[in-house]
Amino acid sequence: MSLLLLIEQVLNGVQFGLMLFLMAAGLTLVFGVMGLINLAHGSLYMVGAFACAAVAAATGSFWLGLAAALGAAAAAGALVEVVVIRRLYNRDHLDQVLATFALILMFSEGTRWAFGSFPLYLDVPAVLAGSVTLPGGIVYPEFRLALIGVGLAVAAVLFWLIGRTRIGVRIRAGEADREMIAALGVDIGRLYTVVFALGAALAGLAGALVGTVQSVQVGMGEPVLILAFVVIVIGGIGSIRGALLGSLLVGLTDTLGRVLLPQAFALAMEASAANAVGSALASMSIYILMAAVLVWRPGGLFGAPA
Amino acid sequence: MAEPVLRAERLSRGFGALRAVDEVTLELRPGEIHALIGPNGAGKSTLIRLIAGEVRPDAGQVLLLGRDVSRLDVARRARMGLGRTFQVSSVAPDFSVLQNVALAVLGSRGGVFGLWRNVMRDEALTGPAREAIADAGLSGRGSVPAAALSHGERRKLEIAMALALQPRLLLLDEPMAGMGVEGAAELGALLSRLRTRVPILLVEHDMDAVFALSDRVSVLAEGRLIASGTGAEIRADADVRRVYLGEAA
Amino acid sequence: MTAAAVQAPARRWSREARVNTALSLGLLAVPLLAMAAGEPFWVTLATRAAILALAGVGLNLALGYGGLVSFGHAAFFGLGGYAAGVLASHGMSGRPIVTWPLEIGGTTQMLAIWPVAVAAAALGALVIGALSLRTTGVFFIMITLAFGQMAFYFMVSWPAYGGEDGLPTYVRSRFPGVNTMAPLQFFAIAYGWLMLALWLSWRIAGSRLGLALQAARQNRQRLAAVGIRPKSVLLGAFVLSGALTGLAGALYTDLNRFVSPAMLSWQTSGELLVLVILGGVGRLFGPVAGAMLFIALEHLLGGISDYWQFFLGAMLLMVVLFARGGIMGALAGRDG
């Protein structure tokens, strides 16, 4: 395997990881601040993707679609928070899991009813449709490079938001002590709605961007959701830093595992068997990574020791 | 002198920059009630948790019946005979009193993985459980759900559970807290009766109870043991008076 | 819910006992009436309900008694299912499963398949449980979900047994003296296992392990303080729970004569949780009531609309938000 191909796969892994980060950041914020486990986060990812696909198809503009994705996911998030989620903050995790599982069923079937079961496809916007040649002669699609840029930009904004702004102070305070912050006169209900909608918008953004690279269909959100859980488990619940590191680890492990493991086994056994063993093992690699982190640090890399 | 049942040997534990427990050495001898007092934040709770095994020490040892148990977990120490009550009563709320205490009997006798016999018909469990319930002064309350007990009764239930372990020592973390005068007196009488059976390390804020009950008193302040002796000695100790009363030395 | 579970069985004919009897007889009556009416499809539905109930009884041991919210029980369901499918397909083709270090062939005899399926699921539960129980709360939910997904992707990408397409077994495995291809006779096997599992679950709930397990749900700190390691107790229950669910998986493969990665999917884990909760968590017959309702809804709503899961979701949401306690809570009272 050539070095160039390897570098290209590393870029793919980073890109995949950063898209996971958009999902994981919202999940970990919602859990850290409200103590809520939200399975329907994957549905908001799907909502973003469908909104982008529908608006882009109607207007012919990817950028309007992207704006619609952000708006639709944030609105759906705020609506769900006000109608359902806020009744769950004081419930146990089992109730939260069941209620948000019910929301998945409703979102998925509702979307299937509105858009049908066939996948939709999004065109990469014309300005980013080409490829660039990176130093060293690697030819890489502009759009995927843009995804890396967006992921890094969002990460930077989030770090700034949490670390340096008033709303960040409130979020961190809400994390520490719900009653205290309420006593200080902050409208905790509105704060929660805002945080939830922010997480939803990030999920919707990820859905629209990944939907452009892959396809837009019902059920696209849940596999990503579960990967985002793996990310959070690895990084530590509630930690944005952990979510970023975990995302990159998972993205790189998954992408490189799929390329490298079958080739590695091919050195020791014949090709078809190597491919079988290699790809089966590659599909398990991130979970093995998660198990290893758990054994080493049960609270995750940046979490409190459990 | 008889060998101590419990010996904490230069125990230390910090949380971040705070030295919660700082090189504390402490003994509990057979037949005594040894009270541990100190102002809030002195490190009493951390010391109790270090002895029970809920927190690991940064340095130092815990010797139980002469054996170093520093590396054993909570359950192992309990099975060796360390019975304990918590500052905030800790029981299984859905269980009846009898079930709670039978659970403790089960813990001390082993064999958790029995799958067939119905526990509540197993005289090997319910017999000792009923005895412990009677010893703790809860006779006749066996079938009441723990969640329905009064505050004082829940304290007694915890003591019954500790007794059901056939303990070699008891760690009682503020058993009198919130009890009222009458309840505290009743509990004091119970502890006084128990002392001949099993030595007690008693953390308590109720000073009347401490000086009435205990054979020895140790005082903790800012993580360090500043005095240890009989009640009279402690009352006279200049360091203690300074810590509690703010008197100039 | 549970003070009653560990106490000596009530001498009087309690309301819960009557509901339980009605549920047992009701599930038994459906296929008998269906055969009399010449509607064998309903026998299959009743069999599916019995098998899902069996899986739910397994899950309920961990979830209801131990308070462990496992979102990965599909892994054990699928492990049992694939154990049955792999053994049966090798049994029919005559090819050995492994040839080294010793030759092991397949079998189409249920009496040989069941122990293997149970052992495979139990072993899986031991490994997944030991790792997952290093954590608690929401971490535990996410980790069991992730391990379930790992099992799913493994079967999808492992080409030897059909990969994504699954593995057909064509005919049901055999059982001495029974024609397993006859719907009613196969139902009898599934129903028999369900009753046996319910009895087992009832014995466990009242046993030493049951006492410790229910204590672990309520207060782990207290359990440790009386000398019992919560993790050991919970792991023991998790393994038993996985084993029962694995047995249900083996029966499910025989019911469908087909096994596919769908059995291992996160939706399956979710559905198992849903039917236990709909039925009544921690209630002995909760999974039975839940499975019967789930199958009935799937069939009835599915007949009205292709998007029946939307209504299932809406109903589940209402139950979680407003009607806690499930069917058993409604029928037999909150405390049984």
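Buried area is the accessible area that two parts lose on being put together, summed over both. With that in hand, here is a look at a predicted model, taking two chain interfaces and then one pair of helices.

**Chain A with chain C**

Put chain A and chain C together and about 4100 Å² gets buried, with 83% of that coming from carbon and sulfur atoms. On the chain A side 45 residues take part, and chain C brings 41. Who does the touching on chain A? Helices H4 (93-115), H9 (221-235) and H11 (271-296) of chain A each give two or more residues to the side that meets chain C. H4(A) has the largest share there, with 16 residues. Sort that side of chain A by class and you get 33 nonpolar, 6 polar and 6 charged residues. As for polar links, there are 0 salt bridges between chain A and chain C, while 6 residue pairs are in polar contact, both partners at pLDDT 80 or more.

**Chain C with chain B**

Chain C also meets chain B, and here 34 residues of chain C touch 41 residues of chain B. The pair buries about 3200 Å², 61% of it on carbon and sulfur atoms. Three residues, Arg208(C), Leu211(C) and Arg222(C), provide 25% of what chain C buries against chain B, more than any other three residues.

How many salt bridges join chain C and chain B? The count is 4. In one salt bridge, the side chain of Arg229(C) meets that of Asp73(B), at 2.5 Å from N to O. There are also 12 residue pairs in polar contact across this interface, both partners at pLDDT 80 or more.

On chain C, the helices giving two or more residues to the side that touches chain B are H1 (3-6), H7 (183-206), H8 (208-218), H9 (220-225) and H10 (230-256). H8(C) gives the largest share of that side, 8 residues. By class, this side of chain C splits into 18 nonpolar, 11 polar and 5 charged residues.

Here are the buried areas again:

| Interface | Buried area | Part on carbon and sulfur atoms |
|---|---|---|
| Chain A and chain C | about 4100 Å² | 83% |
| Chain C and chain B | about 3200 Å² | 61% |

**Two helices inside chain A**

Now for a pair within one chain. Helix H3 (62-83) and helix H8 (188-213) of chain A pack at an angle of about 145 degrees, and their axes are 7 Å apart. H3(A) passes H8(A) in a right-handed crossing. Residues making the contact include Leu66(A), Ala69(A), Ala73(A) and Gly77(A) from H3(A), along with Phe196(A), Ala200(A), Gly204(A) and Leu205(A) from H8(A). In total this contact has 16 nonpolar, 4 polar and 1 charged residues.

Technical notes
Residues are numbered from 1 along each chain as its sequence is written. Chains are lettered from A and ligands numbered from 1 in the order in which they are written. This is a predicted model: local features need pLDDT of at least 70, side-chain atom pairs count only at pLDDT 80 or more; totals for chains, interfaces and linings use all residues. Side-chain values use heavy atoms; hydrogens and water are left out. Axes are lines fitted to C-alpha atoms, for helices over the stretch in contact, and angles run from 0 to 180 degrees between N-to-C directions. Helices (H or I, at least four residues) and strands (E, at least two) are DSSP runs, numbered from the N terminus. A crossing is left-handed if the near helix is turned anticlockwise from the far one by less than a right angle, and right-handed if clockwise. Contact means heavy atoms within 4.5 Å. Ala, Val, Leu, Ile, Met, Phe, Trp, Tyr, Cys and Pro count as nonpolar, Asp, Glu, Lys and Arg as charged, and the others, Gly among them, as polar. Buried area is the accessible area (1.4 Å probe) that two parts lose on being put together, summed over both. A polar contact is a pair of N or O atoms within 3.5 Å; within protein, one must be able to donate a hydrogen and the other to accept it, and residues adjacent in sequence count only if both atoms are side-chain atoms.
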